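Student: I would like to learn how the words used for a protein structure are justified. Could we go through one together, setting each value against its definition?

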Amino acid sequence: MSSTVSFWILSSARNSIAALQGGRHLYLRCASNGNKSKWRFFLQAPATLKNTASRGGFAMQKAYRHTSTEEDDFHLQLSPEQVNEVLRAGESAHKIADLISRVPNSVLRYESNQLAANSPVEDRRGVASCLQTNGLMFGIFDGHGGHACAQAVSERLFYYVAVSLMSQQTLEQMEGAMESMKPLLPILQWLKHPGASIYKDVTSVHLDHLRVYWQELLDLHMEMGLNIEEALMYSFQRLDSDISLEIQAPLEDEITRNLSLQVAFSGATACVAHVDGVHLHVANAGDCRAILGVQEDNGMWSCLPLTHDHNAWNQAELSRLKGEHPESEDRTVIMDDRLLGVLMPCRAFGDVQLKWSKELQRSILERGFDTEALNIYQFTPPHYHTPPYLTAKPEVTYHRLRPQDKFLVLASDGLWDMVGNEDVVRLVVEHLAEAGQHKPNLVQRPAKLGRMQSLLLQRKAQGLHSADHNAATHLIRHAIGSNEYGEMEPERLTAMLTLPEDLARMYRDDITVTVVYFNSDSIDAYYKES
């Protein structure tokens with residue numbers, strides 16, 4: 001890429017914004033540089049609102065990053081050290097085997113990272129172990145229309161799953177503790193919490209609804225609890241239902257009302273992996289993705305997808321949607337490759353604008369909410385006849401881990417928009433090889449991955465070793481800094497990291513990645529003992 005890359009990116013993006021800006025509305029429908037937004041339109045609050053706190057809702061403080069103007073020349077350069085500092089700011093990593101128990105675990109460690117494009121970032125991630133049952137959970141949550149729904153789901157979903165897996169006896173102990181006002185049994189151990197909670201004032205409401213859920217499970221009289229597939233399926237749908245009902249219930253507290261409204265009217269896709277021994281379940285609703293990196297006995301690497309993107313390019317998803325609505329809506333349920341012409345993913349939490357009737361939406365919003373201050377997106381698609389059009393029901397995949405299954409990559413669509421499945425596997429293997437964790441002669445790939453072998457050797461010959469100790473960082477670096485041939489271009493990387501906040505979202509999305517490494521020895525021992 002030439003030395004004018006920053007100027008070209010900024011100039012072309014500014015031209016698009018100049019043509020689209022009108023009052024307080026920014027319409028991305030006709031953006032010539034491509035639309036990275038989940039929603040077809042979004043409403044940008046006035047600057048006076050974006051720089052102040054809303055009444056009783058989320059803090060609307062703006063992250064003061066460089067903002068472009070027509071007069072800017074904007075020749076900001078970052079040193080390699082500064083680039084690394086920016087890329088590594090969101091890193092997280094843990095070894096698992098000794099952290100959970102003294103028994104060898106099928107998960108060896110995980111590495112995670114996040115790079116924001118939105119301000120504030122709309123992605124969330126979480127890692128937790130279930131303390132009353134077995135298993136580790138890893139989650140990626142991709143918000144849209146704000147970060148409210150992604151924050152709520154990332155904080156609450158794991159609890160619903162953990163409760164679903166509890167035995168009748170454990171649930172009885174939980175209920176007994178609540179009735180006698182004693183401390184609850186610990187449910188989760190967070191290894192990577194989604195972040196500072198915005199719900200400190202309303203956690204009692206969420207606990208009440210979680211309690212109602214486990215009371216209903218108690219009424220089922222299931223001695224061993226739900227199986228993992230059922231637990232994931234029910235938890236996704238139950239939490240989404242609670243999010244919808246919480247804003248419909250009469251709430252006197254203004255903070256609780258405002259938070260509940262923001263959660264319900266924003267949205268989030270989710271991909272959650274549950275690992276218990278050799279049993280791997282992945283639940284996905286939306287366009288986050290999970291893949292396995294597999295190394296065969298001959299050293300060859302391949303990619304095993306564990307999810308399907310729920311969008312207009314998924315023919316099974318398109319058939320499902322058409323089957324759930326009258327034939328007269330066949331041409332309008334998906335328009336311009338979006339649900340009702342407005343939303344990219346076809347499954348998501350929240351987004352009640354695509355689930356509630358028009359009458360219910362109107363009745364809720366007429367309760368005196370300051371929707372402008374709360375930055376609530378209001379738009380009814382023109383062909384909105386038979387809601388709900390959107391569901392949070394996940395697609396659950398089961399995979400029995402084998403010694404050749406080396407790692408799992410979970411990521412928001414910000415990564416997959418930039419890098420394909422097989423290249424993600426290649427990059428993680430390349431990272432492991434450069435870190436000395438695999439012998440070079442094992443870094444081989446089948447035909448689809450082999451085209452980059454010569455490039456890897458060239459890089460090593462030139463001494464261009466990876467500066468990253470975290471595989472997620474390595475993936476993000478190459479996602480935004482590589483050209484179409486997979487070659488890293490420092491100028492491109494710097495340009496993508498220094499885009500002003502009003503332009504960054506037009507060229508990339510928030511990127512959140514978690515790489516989970518499996519303990520092949522433990523998995524192999526499991527099969528030998530069996």
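Tutor: In this predicted model, the secondary structure of the chain comes to 19 helices and 18 strands. Of the 530 residues in the chain, 55% are buried.

Student: Why is Ser260 called buried?

Tutor: A residue is called buried when its relative accessible area is under 20%, and Ser260 has a relative accessibility of 11%, so Ser260 counts as buried. This residue lies in helix H9, which covers residues 254-265. Apart from neighbours within four places in sequence, Ser260 is in contact with Glu246, Ile247 and Leu251.

Student: How do you know that Cys288 has no bond to the closest cysteine sulfur?

Tutor: A disulfide is a covalent bond between the sulfur atoms of two cysteines. The cut-off for calling a pair a disulfide is 2.5 Å between the sulfur atoms, whereas the sulfur of Cys288 is 6.2 Å from the closest one, in Cys271, and is therefore too far away for a bond. A search of the whole structure likewise finds zero disulfides. As for its surroundings, Cys288 is buried, because its relative accessible area is 0%, and Cys149 also counts as buried, at 0% relative accessibility.

Student: What makes Arg289 and Asp309 a salt bridge?

Tutor: The rule asks for a side-chain nitrogen of Lys or Arg within 4 Å of a carboxyl oxygen of Asp or Glu. In Arg289 and Asp309 the closest N and O atoms are 2.6 Å apart, and the pair forms a salt bridge. Arg289 lies in strand E11 (residues 289-295) and Asp309 in the loop between strand E12 (301-305) and helix H10 (315-323), so the pair ties together parts that are 20 residues apart in sequence. Because its relative accessibility is 16%, Arg289 counts as buried, and Asp309, at 18%, counts as buried too.

Student: Why is Arg402 called partly exposed?

Tutor: Partly exposed covers the range between under 20%, which is buried, and over 50%, which is exposed; Arg402 has a relative accessible area of 27%, so the term partly exposed applies. Its side chain meets that of Asp405 in a salt bridge, at 2.7 Å from N to O, and Asp405 is buried, with a relative accessible area of 0%.

Student: How many salt bridges does the rule give?

Tutor: The count comes to 16 salt bridges. Among them is the one between Arg477 and Asp468, at 2.6 Å from N to O, where both residues are buried. Glu317, Arg320, Glu324 and Arg347 are linked in a network of salt bridges.

Note on methods. Residues are numbered from 1 along each chain as its sequence is written. This is a predicted model: local features need pLDDT of at least 70, side-chain atom pairs count only at pLDDT 80 or more; totals for chains, interfaces and linings use all residues. Side-chain values use heavy atoms; hydrogens and water are left out. Helices (H or I, at least four residues) and strands (E, at least two) are DSSP runs, numbered from the N terminus. Buried means under 20% relative accessible area, exposed over 50%, partly exposed in between (1.4 Å probe, protein chains only). Contact means heavy atoms within 4.5 Å.
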